[in-house]
12 protein chains.
Amino acid sequence: MALNYTIPGLSEEVSEKVISILQSRLSQEQEASLVLKHAHWNVSGPNFVAVHEMIDPQVDIVLNQADESAERISQLGGSPDGRPDAIVRNRDWAELELTGTQSTEAYIKALVAYYDEFIQNDRNAIAELDELDIVSSNIIQDHVQDLEKFQWFLRAHLA
Amino acid sequence: MALNYTIPGLSEEVSEKVISILQSRLSQEQEASLVLKHAHWNVSGPNFVAVHEMIDPQVDIVLNQADESAERISQLGGSPDGRPDAIVRNRDWAELELTGTQSTEAYIKALVAYYDEFIQNDRNAIAELDELDIVSSNIIQDHVQDLEKFQWFLRAHLA
Amino acid sequence: MALNYTIPGLSEEVSEKVISILQSRLSQEQEASLVLKHAHWNVSGPNFVAVHEMIDPQVDIVLNQADESAERISQLGGSPDGRPDAIVRNRDWAELELTGTQSTEAYIKALVAYYDEFIQNDRNAIAELDELDIVSSNIIQDHVQDLEKFQWFLRAHLA
Amino acid sequence: MALNYTIPGLSEEVSEKVISILQSRLSQEQEASLVLKHAHWNVSGPNFVAVHEMIDPQVDIVLNQADESAERISQLGGSPDGRPDAIVRNRDWAELELTGTQSTEAYIKALVAYYDEFIQNDRNAIAELDELDIVSSNIIQDHVQDLEKFQWFLRAHLA
Amino acid sequence: MALNYTIPGLSEEVSEKVISILQSRLSQEQEASLVLKHAHWNVSGPNFVAVHEMIDPQVDIVLNQADESAERISQLGGSPDGRPDAIVRNRDWAELELTGTQSTEAYIKALVAYYDEFIQNDRNAIAELDELDIVSSNIIQDHVQDLEKFQWFLRAHLA
Amino acid sequence: MALNYTIPGLSEEVSEKVISILQSRLSQEQEASLVLKHAHWNVSGPNFVAVHEMIDPQVDIVLNQADESAERISQLGGSPDGRPDAIVRNRDWAELELTGTQSTEAYIKALVAYYDEFIQNDRNAIAELDELDIVSSNIIQDHVQDLEKFQWFLRAHLA
Amino acid sequence: MALNYTIPGLSEEVSEKVISILQSRLSQEQEASLVLKHAHWNVSGPNFVAVHEMIDPQVDIVLNQADESAERISQLGGSPDGRPDAIVRNRDWAELELTGTQSTEAYIKALVAYYDEFIQNDRNAIAELDELDIVSSNIIQDHVQDLEKFQWFLRAHLA
Amino acid sequence: MALNYTIPGLSEEVSEKVISILQSRLSQEQEASLVLKHAHWNVSGPNFVAVHEMIDPQVDIVLNQADESAERISQLGGSPDGRPDAIVRNRDWAELELTGTQSTEAYIKALVAYYDEFIQNDRNAIAELDELDIVSSNIIQDHVQDLEKFQWFLRAHLA
Amino acid sequence: MALNYTIPGLSEEVSEKVISILQSRLSQEQEASLVLKHAHWNVSGPNFVAVHEMIDPQVDIVLNQADESAERISQLGGSPDGRPDAIVRNRDWAELELTGTQSTEAYIKALVAYYDEFIQNDRNAIAELDELDIVSSNIIQDHVQDLEKFQWFLRAHLA
Amino acid sequence: MALNYTIPGLSEEVSEKVISILQSRLSQEQEASLVLKHAHWNVSGPNFVAVHEMIDPQVDIVLNQADESAERISQLGGSPDGRPDAIVRNRDWAELELTGTQSTEAYIKALVAYYDEFIQNDRNAIAELDELDIVSSNIIQDHVQDLEKFQWFLRAHLA
Amino acid sequence: MALNYTIPGLSEEVSEKVISILQSRLSQEQEASLVLKHAHWNVSGPNFVAVHEMIDPQVDIVLNQADESAERISQLGGSPDGRPDAIVRNRDWAELELTGTQSTEAYIKALVAYYDEFIQNDRNAIAELDELDIVSSNIIQDHVQDLEKFQWFLRAHLA
Amino acid sequence: MALNYTIPGLSEEVSEKVISILQSRLSQEQEASLVLKHAHWNVSGPNFVAVHEMIDPQVDIVLNQADESAERISQLGGSPDGRPDAIVRNRDWAELELTGTQSTEAYIKALVAYYDEFIQNDRNAIAELDELDIVSSNIIQDHVQDLEKFQWFLRAHLA
């Protein structure tokens with residue numbers, strides 16, 4: 001990985017580590033936007049409208065997160081890979097396997113499980129980034145705060 | 001493929017054919033949103049800002065197209081698959097292979113080529129849908145009109 | 001039916017047939033706006049808010065459809081009849097019989113049944129209008145696309 | 001008429017009288033929205049645009065009045081009937097008989113006459129409601145204030 | 001209670017009686033804003049989103065009511081007490097005792113009971129104010145109209 | 001005074017009395033808009049900006065009151081007189097005599113005195129209108145509520 | 001007339017002359033706002049709505065002109081007089097004498113005549129101000145441009 | 001006519017035919033925007049304001065139509081000619097000959113006649129484009145729908 | 001040229017001279033709107049988007065200028081001619097000859113040359129109008145200020 | 001305290017400590033919203049309007065802070081207590097004792113003192129949260145930044 | 001100073017004189033934006049909020065003035081110097097010497113003195129520009145009008 | 001440096017160190033706003049518009065940063081110096097030396113170099129502030145994140 005340049009105050013070695021962490025987050029954020037839409041289209045049952053509409057703002061949030069992660073990679077001198085094949089290749093977490101028209105409860109449970117890994121991965125990334133680049137860490141801290149809020153929304157449906 | 005129900009006036013057999021065509025369009029529309037963002041993040045050179053900003057409204061357009069295609073599948077009684085693996089599995093067109101920081105010209109050329117197949121596939125779908133379901137055909141007719149306008153934008157940069 | 005004038009390129013005989021079809025659509029679109037409000041006010045039960053709020057945008061949609069149908073009749077040189085007695089007189093479809101405070105499920109089932117005929121009537125109208133006046137056909141094609149989307153919303157509650 | 005519940009401080013007997021008065025107002029408010037649109041579509045002559053556009057805000061006003069009347073019935077524990085047949089059945093005032101394309105003056109005169117009874121009925125309802133339920137009376141007081149303003153608009157055209 | 005001044009046309013004695021009534025309404029309106037938020041944060045179950053979001057606009061409404069009641073006290077020459085201790089001290093109605101994460105149904109029932117006393121107290125205040133100050137009475141009449149509408153929303157969930 | 005027509009349910013004699021009361025209110029509301037602007041332009045001193053800006057929204061309020069009073073006169077079949085000479089001719093209250101650049105305190109004191117009579121006149125009008133026309137009374141009740149709020153704003157500066 | 005201060009670069013003598021001219025314009029601009037509203041409320045006949053609504057934006061324009069003229073006087077160190085008595089006292093042009101409910105044509109003719117003097121007075125003011133204070137002249141130049149446009153609107157009704 | 005490129009799926013021969021049809025529509029749409037403004041500035045008489053204001057939204061509509069037609073030509077690989085001389089050169093329909101200040105009725109009649117040919121030309125173009133390029137046909141179908149609505153507005157003034 | 005009326009303070013002879021100057025400006029402003037759109041559609045090359053989008057706001061500006069010039073002619077009692085043939089007939093400046101798809105640089109150069117004459121003509125008009133009618137001169141002064149700003153935008157691309 | 005669930009990566013023990021800290025912040029934020037309104041209604045004196053209006057945006061800020069603190073507790077698996085009794089029970093800081101109509105200076109001094117403890121408590125919470133949960137710490141860091149800005153506003157009045 | 005080009009109708013010699021005058025105005029307008037913010041941050045005392053907030057809109061106004069002056073220099077073919085050193089180098093007026101936290105009165109007095117020279121310099125520039133370039137003169141005339149209005153605001157605090 | 005007060009929890013010694021760091025950041029943020037505008041006005045060449053428009057949002061960002069830094073100094077009890085002389089006096093980084101009309105590439109290179117030091121200085125400030133005051137550190141962390149994003153925009157033009 002040859003960098004185009006570095007941010008003033010960050011070495012090339014540090015920058016490369018940060019880029020690698022962010023590329024993983026970018027891929028999961030892009031996947032989350034697809035997976036959420038997948039649920040948005042396939043839920044059914046008595047709470048259809050409420051769940052259908054609850055998902056869309058979260059899609060906008062993770063699409064925006066992907067934009068921030070990718071642009072941060074570019075700022076660090078790297079080149080983000082945003083194609084669908086990169087999502088599949090970088091995935092070291094469990095994919096969402098639920099398909100077809102299903103009850104709102106079934107999709108909510110599947111999303112809660114998906115967010116368990118999503119949040120854990122973001123928190124691990126923060127721990128590593130804190131030592132490398134405070135700005136990148138701040139970006140992912142903001143991301144995980146939104147993910148944890150949405151997971152609460154999902155969990156509250158199941159109580 | 002077992003349908004949940006059918007639209008008044010459409011048989012189950014016709015509905016299944018329409019769903020199959022729309023699932024292909026959905027996958028390419030989702031891929032296009034990822035591929036356009038990929039270019040958005042990696043272009044560079046003297047025309048950086050203009051090209052960078054020209055792409056974002058088109059991302060919104062193809063995301064909205066995917067939403068319309070997927071919701072039409074649900075209206076027809078089917079179940080759209082919107083996960084990244086579905087994009088890779090359904091792809092019977094050439095993927096965009098360009099990666100890394102590149103000149104605006106290089107990415108524009110790659111996108112023009114990608115849109116050649118994208119538009120051709122939409123026009124083929126319209127021809128088939130005209131015989132099956134006029135509402136679905138109208139939806140894709142609106143989609144291709146926007147794609148052809150954006151391809152002109154891309155081409156005009158190369159003249 | 002004496003026409004006030006005709007659109008350039010349309011004969012009087014064709015115009016009268018188009019007007020007759022559109023008057024039927026107008027009456028059902030007006031009735032739908034009343035019937036949807038009727039349900040909006042009488043639903044109750046655990047999903048009250050979601051269903052109550054889901055209906056209002058659809059009321060705006062069918063009121064706007066009625067406006068387009070009636071104004072098209074005027075453009076063709078005819079005179080639309082928009083009074084409540086015209087709705088009752090022109091009704092050759094089943095009226096919605098459900099009254100009183102009822103569960104959300106009961107009203108949704110009644111509306112799905114009402115929309116079965118509503119959509120079928122619009123699709124029949126399109127088949128006839130295609131031979132008579134492409135602009136009027138386009139108007140009803142747009143109407144039925146919205147009706148089919150709303151019926152999906154209703155059906156998804158029952159899955 | 002079996003009530004679902006009563007508002008704290010109102011007896012069942014009083015509530016039923018209030019509901020009966022409000023159902024009559026609801027039906028006339030719904031009819032007014034249809035009748036105004038009927039005029040909106042059929043007027044013609046030199047003042048076409050001004051009259052055509054003056055009517056639409058009034059349609060929104062009476063549709064909103066119907067919403068308030070019907071929701072008040074539900075708050076009182078009753079069940080409003082909003083279907084077109086209820087309008088025809090509850091009508092103890094003169095219907096608007098004018099049809100077809102007519103001069104703006106003809107429709108304005110017909111609407112002034114229609115509003116004579118509409119306002120008189122609202123004022124009678126206020127007198128009865130004052131003894132029964134101050135909140136319901138306030139609602140109709142607001143309604144008649146708007147009706148009297150619109151009637152002035154109509155009358156000012158005829159001076 | 002020494003008044004700073006009086007409104008032209010109102011005696012000091014009348015003003016003091018009005019102020020005393022309004023201070024009670026102020027305290028309950030402030031408490032309602034806290035209690036509604038308390039429910040907003042603790043509901044859970046399949047209808048979580050719909051109930052969670054239905055409460056927030058009502059919070060804005062009662063906060064605005066408190067503002068009007070308090071500012072009316074100041075206009076009358078009095079000094080409103082808006083601190084939490086005043087709420088507890090002035091409370092002569094039952095407090096909301098439900099705590100902890102609970103089903104949407106449990107909180108809705110508790111709020112319906114709370115609103116029974118809230119509405120009854122407002123209606124008693126109106127009866128007294130009608131003899132003292134028509135402007136203050138109008139203010140509370142507007143308040144109770146909104147409370148009765150929200151109670152209907154709550155009740156409709158339980159049918 | 002020959003009326004053009006009457007509102008359904010109001011006799012000509014009653015209408016004339018109402019019009020006479022409203023014409024007086026119209027003149028004072030118009031004068032108030034001029035007098036407030038007069039103060040707006042001439043205040044000075046350390047609180048200049050706050051007082052200068054506090055007055056403008058009140059000007060909009062009384063201009064809107066004048067519009068409502070005048071249009072009510074027209075609805076009743078009368079003809080409002082809105083010219084400056086009518087203000088001077090109808091004035092049976094003390095005029096505002098303060099002129100020239102003065103301290104904010106001086107203008108606030110003068111306005112408090114002006115509002116004493118303004119409010120008293122409105123309250124007298126309400127007492128008379130209550131017996132004649134409830135809609136006109138409601139209009140002035142709304143007006144005086146705003147006036148009393150603004151007088152509190154003025155008084156609070158002097159405490 | 002003792003000035004509070006002068007604008008840098010303007011003598012006290014010049015300032016006083018400018019103030020005197022602007023006070024006359026202020027009074028007529030205030031009167032115009034009253035006179036236009038007077039017409040707004042009293043017009044009737046077939047073109048009622050169009051004329052009624054055409055006047056309101058012009059009222060806002062002359063109210064804004066009055067604000068600019070008065071604030072300019074204050075900037076010059078003078079004290080504008082904005083009370084109704086000042087309008088009557090400063091009036092050296094013909095007052096608008098038309099009263100009562102009249103046809104739109106009658107009021108338009110009266111307003112055209114009123115604007116003849118209004119415009120002539122503004123043009124005379126500009127000629128004098130050009131020699132005294134360019135900023136004040138610019139202000140009145142902008143005012144007269146709007147007046148001449150509105151007079152065209154009035155005149156076009158009479159052709 | 002040498003094309004810069006073609007849309008995927010359209011031959012060069014077909015594209016040239018489509019471009020030729022669209023260039024004619026472009027010229028008439030541009031001329032219509034000029035002709036409508038010409039009427040907008042020259043109408044007079046009792047209905048001046050209503051007609052003057054009714055025209056402006058239609059100007060925006062035909063300007064937007066010209067934009068769509070011209071951009072479609074560019075998308076097809078052609079080069080639109082948008083200069084005034086192209087309008088005059090391409091005109092094979094009757095020009096609008098009415099000039100000078102005239103009554104609203106005179107200009108409305110002239111515009112109705114102009115729109116007779118305008119609509120007929122668009123309908124002929126649709127018939128030809130249906131065989132050549134469905135997207136271009138859809139564009140002109142949308143255009144003619146707006147033209148026919150505006151012609152109804154014009155005609156309704158004359159009834 | 002027979003005038004319909006004159007503005008108070010302007011003789012018929014002066015008015016006719018002003019109208020003649022403004023008619024020339026109107027024709028060039030209308031032509032500029034067409035010529036700018038012509039360039040907007042035909043530019044190509046690496047700076048396509050930036051130049052394409054830079055032109056549209058300027059089109060709105062010159063369309064608005066034409067509106068002001070034409071309405072000023074009407075205010076002066078004249079009758080503007082806004083048809084395409086008037087543009088061609090009144091043109092005593094060089095037309096823009098560039099056609100077909102061309103580089104952004106080529107169109108920018110052609111527009112710079114067109115604006116050289118456009119600005120010079122406006123400045124000549126101002127010099128003449130200063131002696132005749134200050135309001136008309138102010139209007140064209142505002143116009144030329146915008147033209148000179150846009151010409152700088154064009155020139156800055158060529159440096 | 002039995003938790004409903006935990007955030008991925010946070011133990012139950014840590015979560016309970018965080019919840020306890022946040023409940024204290026929630027109670028003070030709720031109290032602050034009441035106390036600020038209390039001041040908003042009771043201030044008087046020459047700076048009345050400026051101080052009155054300066055407080056309202058801060059009320060919105062602390063209400064929003066309470067919402068964030070409470071929702072964070074729910075995300076952590078806890079149950080926030082938002083009732084007025086919880087404020088009084090959790091208060092381990094000095095209450096605001098000032099009541100009645102008082103000078104702006106008196107209330108500003110009382111609020112400065114209240115904010116001294118408020119800010120100190122938030123800063124202590126941040127120090128503890130930094131070791132437990134970075135997201136919760138970030139939330140309170142944002143809160144205290146706004147509090148310190150508002151305290152400056154208060155202090156600047158006293159200088 | 002070598003010009004890049006000249007505006008049609010302006011010689012190089014005249015352009016250079018205009019540029020020199022505008023560069024001085026640019027530097028003072030930029031300095032004013034800094035000096036006003038300096039006061040905005042350092043004022044204190046009972047009128048803190050009103051003065052603090054009164055300054056910000058004026059900062060936007062002078063920043064916009066600087067933009068217009070600088071862009072006018074570029075339009076004339078010159079090159080504006082907008083760096084802080086240019087402000088210091090071009091300053092031939094007294095700098096604002098007040099620093100540190102001070103009473104609102106102290107900063108207002110200092111700003112009144114600063115504006116004395118600022119306005120005088122602008123008026124001198126207008127006198128010179130009137131002979132050279134009417135468009136540049138118009139720009140500074142608009143600027144000084146806003147400055148004189150703001151100085152009145154400042155002065156009114158001191159009366 | 002005598003402080004006016006301190007934030008609860010921060011000693012006077014710590015506060016003074018923080019203020020000193022923030023004053024340096026304030027001066028550079030103010031200079032950046034001037035330097036960016038300087039480039040905005042002087043760039044030229046084929047990418048003129050895109051670069052010209054890309055700079056303005058960044059000017060707003062650094063102006064807002066200056067506001068936050070200065071207000072934080074005031075909150076800490078210090079007195080920010082925002083005059084141009086303070087910028088020059090505090091500058092211990094290289095000034096931007098490029099002047100005159102230059103290519104977009106030349107100004108972009110100069111700005112990239114300027115931002116190298118700007119970012120490095122902010123990162124050094126963060127390291128120091130982390131030990132002194134977490135709120136101030138958070139403020140500058142947000143600032144540098146925006147600066148690094150803008151530097152990427154600049155760099156991407158040069159690739």
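In the predicted model, a salt bridge joins L:R91 to K:D85, with 2.8 Å between the closest N and O atoms. Between chain K and chain L, the count of such bridges is four. Polar contacts were also examined at this interface, and 18 residue pairs, both members at pLDDT 80 or more, were found to make them. Three helices of chain K, namely α1 (12-42), α2 (48-75) and α3 (84-90), each contribute at least two residues to the side that touches chain L. Of these helices, α1(K) provides the largest share, with ten residues. Classified by residue type, the side of chain K that touches chain L consists of 13 nonpolar, 13 polar and ten charged residues.

The extent of this interface can be described both by residues and by area. In total, 36 residues of chain K are in contact with 35 residues of chain L. The area buried between chain K and chain L amounts to about 2,600 Å², and carbon and sulfur atoms account for 55% of this area. Within the area that chain K buries against chain L, 28% is supplied by K:L34, K:W41 and K:R83, more than by any other three residues.

A second interface was examined between chain B and chain H. Here the contact involves twelve residues from chain B and 15 residues from chain H. About 1,300 Å² is buried between chain B and chain H, with 55% of it on carbon and sulfur atoms. The residues B:R123, B:W152 and B:R155 together supply 45% of the area that chain B buries against chain H, and no other three residues supply more.

Charged and polar pairs were likewise identified at the interface of chain B and chain H. Three salt bridges were found across it. One of them links B:E148 to H:R72, the closest N and O atoms lying 2.7 Å apart. In addition, six residue pairs, both members at pLDDT 80 or more, are in polar contact across the interface of chain B and chain H. On chain B, the helices α4 (104-129) and α5 (134-156) each supply at least two residues of the side that touches chain H. The largest share of that side, eight residues, is drawn from α5(B). By class, the residues of chain B that form this side comprise three nonpolar, four polar and five charged.

How values were computed:
Residues numbered from 1 in each chain as written. Chains lettered and ligands numbered in written order. Predicted model: local features only at pLDDT ≥ 70, side-chain atom pairs only at ≥ 80, totals over all residues. Heavy atoms only, no water. Contact = heavy atoms within 4.5 Å. Buried area = accessible area lost by both parts, 1.4 Å probe. Salt bridge = Lys/Arg side-chain N within 4 Å of Asp/Glu carboxyl O. Polar contact = N/O pair within 3.5 Å; in protein donor to acceptor, adjacent residues only side chain to side chain. Helix = DSSP H or I, 4+ residues; strand = E, 2+ residues; numbered from the N terminus. Nonpolar A, V, L, I, M, F, W, Y, C, P; charged D, E, K, R; others polar.
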